[in-house]
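Please open the model in your viewer and keep the selection panel at hand, as the tour moves from one selection to the next.

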Amino acid sequence: MKDTPVVAAEVNGADERRDYRPGYEVVAERILEFIAESRLLPGDRIPTEKDLALQLGTSRGVVRDAVKILSALGRVRVHKGRGLFVADEDGMLITSRWAGFFRPVDLDHVLMLFEFRGVQETVAAKLAATRATPAELRTIEVAMQQCRHGYVHGEVDVFNQADDDFHAAVAAASHNPFLGSAVREARQLQRQSSAIVHDTIGEGTAAAVEEHETIYRAIRDGRPDEAAAATAVHLDRTLEDYRREIQRRLFG
């Protein structure tokens with residue numbers, strides 16, 4: 001079958017940690033890599049299953065199975081009659097549990113949210129350091145580079161999108177969809193606070209860029225404890241930025 005060489009190439013090449021991986025898993029990784037390298041954003045259209053099969057040199061059936069996996073993980077969306085798209089957060093069952101509870105200007109709530117993020121994201125980073133595939137590492141790296149680009153060129157929207165992409169990519173690399181969902185929920189809540197504080201490029205942004213790189217390198221090099229520690233440092237520093245800015249805006 002056409003997909004057999006794809007599996008063999010991956011097994012003997014980039015990912016030597018596994019003796020065998022089914023074709024749909026390899027193809028799912030390649031689709032994620034395509035999304036990262038093409039810099040597709042949430043809502044952007046992905047080539048059809050037929051076109052992906054041709055590009056990846058595999059069967060349409062294997063691509064279909066890969067798409068099912070990515071859809072279940074929340075990475076792509078399938079619209080019947082319209083095609084495949086990079087997943088956005090519309091329609092996901094996110095924050096419904098906390099939307100009526102969270103008060104974005106309440107410092108205690110912001111603190112609790114960051115405590116929650118700390119629990120989820122340090123574990124996600126630690127797992128990612130032992131589980132991330134080459135394609136997932138590339139996705140994290142691209143997001144990290146886009147964060148730096150946004151900072152260097154003063155493009156706030158670019159930085160903010162890449163920041164979301166970075167944290168989502170680390171969570172996805174944990175291979176735990178429950179963690180991925182929790183990270184998305186917490187970051188959606190955080191955006192409500194983000195709309196209150198100054199949305200500018202500053203010292204906090206510069207620190208975040210360097211912290212992202214430290215997290216990425218620890219994950220890439222397979223150092224789980226360092227990845228978790230670097231994530232904790234990043235979240236603690238970000239919380240302090242929020243605390244200072246909210247206090248300044250609300251209390252002068």
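How much space lies in the largest cavity? In this predicted model, about 70 Å³ of space lies there, and the count of cavities of 30 Å³ or more comes to one.

To see the walls of that space, select E121, A124, A125, F166, H167, V170, A171, V183, I215 and T231, which line the largest cavity. With these residues shown as sticks, colour them by class, and the lining divides into seven nonpolar residues, two polar ones and one charged one. Next, add the cartoon of α5 (107–131) and α7 (156–173), each of which supplies at least two residues of this lining; the largest share, four residues, comes from α7.

Now leave the cavity and select helix α6 (residues 134–152) together with helix α9 (residues 203–220), whose axes come within 10 Å and cross at roughly 165°. Angles over 145 degrees count as roughly antiparallel, and therefore α6 is roughly antiparallel to α9. If you turn the view so that one helix lies in front of the other, the crossing in which α6 passes α9 is left-handed.

For the contact itself, show the side chains of L137, I140, E141, M144, C147, R148 and Y151 on α6, and, facing them in the selection, those of T205, A206, V209, E210, H212, E213, Y216, I219 and R220 on α9. Coloured by class as before, the contact of α6 with α9 has nine nonpolar, two polar and five charged residues.

Methods. Residues are numbered from 1 along each chain as its sequence is written. This is a predicted model: local features need pLDDT of at least 70, side-chain atom pairs count only at pLDDT 80 or more; totals for chains, interfaces and linings use all residues. Side-chain values use heavy atoms; hydrogens and water are left out. On a 1 Å grid over the protein atoms alone, a cavity is a set of points where a 1.4 Å probe fits but cannot get out, and a pocket is an open set with protein on both sides within 12 Å along at least five of seven lines; lining residues have an atom within 4 Å of a point. Grid points are joined across faces, edges and corners, and a volume is the space filled by probe spheres set on the points. Ala, Val, Leu, Ile, Met, Phe, Trp, Tyr, Cys and Pro count as nonpolar, Asp, Glu, Lys and Arg as charged, and the others, Gly among them, as polar. Axes are lines fitted to C-alpha atoms, for helices over the stretch in contact, and angles run from 0 to 180 degrees between N-to-C directions. Angles under 35 degrees count as roughly parallel, over 145 as roughly antiparallel, 65 to 115 as roughly perpendicular and the rest as oblique. A crossing is left-handed if the near helix is turned anticlockwise from the far one by less than a right angle, and right-handed if clockwise. Contact means heavy atoms within 4.5 Å.
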